[in-house]
Amino acid sequence: MTIRPALKSGITIHRNESRNEVRIGSRWRQYSLPLQWCGVGTQALLGLLDGKFTFSELATTTGLESSAIESFVSELRSHDFVDLHRTPVAYLRRYNPELGRIEEVSDLDQVASDVAIETALKRIEIECDAATFTPGDIDGGRTSLLNRRSFQIVIFGHGKIVNALVGVLSASGFSKLSVINRVGTKDSSLKILESDIAGGYVTRSHFGQTRRIIVDEIRNHSLLFVEPKTQVHNPDLIISIGTPSPDSVQRWMAENTRHLLVDIPSSAEVRIGPLVTPGKSPCFRCVQLCEETGWQREQTLETNSALALTVAGAIALDVIALSDRKISAYHSTSHIHTVRDYTAPQIQHWSQHHACGCAWEG
Ligand SMILES: [Zn+2]
């Protein structure tokens, strides 16, 4: 593929004569370049990086050697300020009059004057712009975003955090998402409860309605990529909100499914993590063995509204990091969010417990 370098969206360039430099970057992340690059004005060179010119065309236009252009782009790339190609977004179905049939649009950017496509692209671009500055990104965050469409997530539990997570993950591009609330047929949580309200999608008007239907509604009304709901069989990640049942933990470990543990011991405290990679990192039982049993609870409580939204946001950002970059803040680590010290989560590190046996079982 021919490379046509383009400065990333949202990059600002500021020439500072007194300091003999050109500053490039975002509001709070900047980098300094010399005023001249191999004898050509840096600012003029930056102005040519708009995705229209190849390396050789840039060399011809500026009179520089190709190697000088390449080193300039490579310098920008090392700071994640430049894109090297444009990834098309295939999405939405449209009637193609030439072929006389409905087909999926293979490249949203190429469709003009279609309100539905413009609206979809606007949302997609905001999410892409948030992913574009992650290390190594070279296509405006699009590959990262498109990968989220196939990243499969199952959320276990119910309540404020689950409701908010379903909304924010769907809006962030995760389409393959399902929620399991494994309770008895008479359990009150099969319906929406007063404790579900946190200022998000669920309101007083939903009281008593079937939870499964409302959770599906949250997903359908928020999805970035509108796709029919499918059964998730091999999740890339399970998010367990509240104390998981022993059966569930055993199954996740046996099936080698990565799972994030979220513990809610009171309305004012939530612990996110650890993220368990079965056999390779500390598991639910390792954590239990390390902690005093007198403080462990079987019951999952509901958290206050502000904390629920904070926690859902923190989890969603980590799911994005896991899907986009294969990293997580919760590998062998927990963050305890509390109302009392809300600005600084307390961090715990875990190791596999010698009495657990998950290391050799895995
Ligand atoms: Zn273990």
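This is a dialogue about how to read the domains, strands and a helix of a predicted model.

Student: Where should I begin, and which domains does the assignment give for the protein chain?

Tutor: Begin with the broad division, keeping in mind that the model is predicted. The domain assignment gives domain 1 as residues 6-83, domain 2 as 93-145 and domain 3 as 149-361.

Student: How many residues does the contact take from domain 1 and from domain 2?

Tutor: The C-alpha centres of domain 1 and domain 2 lie 27 Å apart, and the contact takes 6 residues from domain 1 and 8 residues from domain 2. On the side of domain 1 that touches domain 2, the residues divide into 4 charged, 2 polar and no nonpolar.

Student: Let us turn to strands. In which sense do β2 and β3 run?

Tutor: Strands of a sheet pair through backbone hydrogen bonds, and the pairing is either parallel or antiparallel. Here strand β2, residues 12-16, and strand β3, residues 21-26, run antiparallel and are joined by 5 bridges. To find the register, look at Ile13, which stands opposite Ile24 in β3.

Student: What do β2 and β3 form, and how many residues lie between them?

Tutor: They form a hairpin with 4 residues between the two strands, and in its turn Asn20 has a positive phi of about 60°.

Student: Which residue in β4 is the bridge partner of Glu21?

Tutor: The bridge partner of Glu21 is Pro34 in β4. Strand β4, residues 29-34, pairs with β3 in the antiparallel sense over 6 bridges, and β3 and β4 form a hairpin with 2 residues between them.

Student: How many strands form the open sheet, and in what order?

Tutor: The open sheet has 7 strands in the order β11-β10-β12-β13-β14-β15-β16, with mixed pairing. Its edge strands, each pairing on one side only, are β11 (177-180) and β16 (346-349). Neighbouring strands of this sheet are turned by 15° against each other on average, with direction ignored.

Student: Is the pairing of β10 and β12 parallel or antiparallel?

Tutor: Strand β10, residues 153-156, pairs with strand β12, residues 237-241, in the parallel sense over 4 bridges. A place to look is Ile155, which stands opposite Ile239 in β12.

Student: Across which strands does helix α6 lie?

Tutor: Helix α6, residues 160-171, lies across β10, β11 and β12, and runs at about 170° to β11.

Definitions and conventions: Residues numbered from 1 in each chain as written. Predicted model: local features only at pLDDT ≥ 70, side-chain atom pairs only at ≥ 80, totals over all residues. Domains from an automatic or database assignment. Contact = placed C-beta atoms within 7 Å. Nonpolar A, V, L, I, M, F, W, Y, C, P; charged D, E, K, R; others polar. Pairing = 2+ DSSP bridges. Axes fitted to C-alpha atoms, helices over the stretch in contact; angles between N-to-C directions.
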